[in-house]
Amino acid sequence: VMDQHSSYRIETEAAQTLAEWKALFAEQVAVKAKELAQKSGSTGVITLGHYRQAASFAVQMLATAVQDTDSSDGRQEAA
């Protein structure tokens, strides 16, 4: 049984990459939901449905980003 009070140290690179993935996901959801709302002709309203669709799209993009990071030994290539 794990001690609930045990602490873990996180590599700086791991923490930075996680922050980048979270930001990428959030940004993609926001951008795609806005696009979907515009295409649906709604009057400037982004719905939960738009966010659901956008999140599905963003998950795929995030999976690609994670694979790209993994394939380069944890280091992303400079763009």
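Here's a quick briefing on a nonpolar core and on the loop residue Ile46. This is a predicted model, where local features need pLDDT of at least 70, side-chain atom pairs count only at pLDDT 80 or more, and totals for chains, interfaces and linings use all residues. Residues are numbered from 1 along each chain as its sequence is written, and side-chain values use heavy atoms, with hydrogens and water left out.

**The core**

- Val29, Ala33, Leu36, Ala54 and Ala58 make up the largest nonpolar core (buried Ala, Val, Leu, Ile, Met, Phe, Trp, Tyr and Cys residues joined through side-chain atoms within 4.5 Å; buried is under 20% relative accessible area, exposed over 50%, partly exposed in between, with a 1.4 Å probe and protein chains only).
- At least two of these residues come from each of α1 (12–40) and α2 (48–71), with helices being DSSP runs of H or I, at least four residues, numbered from the N terminus.
- The top contributor is α1, with 3 residues.
- Skipping neighbours within four places in sequence, Ala54 is in contact (heavy atoms within 4.5 Å) with Val29, Lys32, Ala33 and Leu36.

**Ile46 in the loop**

- You'll find Ile46 in the loop between α1 and α2.
- Ile46 counts as partly exposed because its relative accessibility is 34%.
- Lys34 sits 12 residues away from Ile46 in sequence, yet their C-alphas are 6.5 Å apart.
- Again leaving aside neighbours within four places in sequence, Ile46 is in contact with Ala33, Lys34, Ala37 and Tyr51.

Methods. Helix = DSSP H or I, 4+ residues; strand = E, 2+ residues; numbered from the N terminus.
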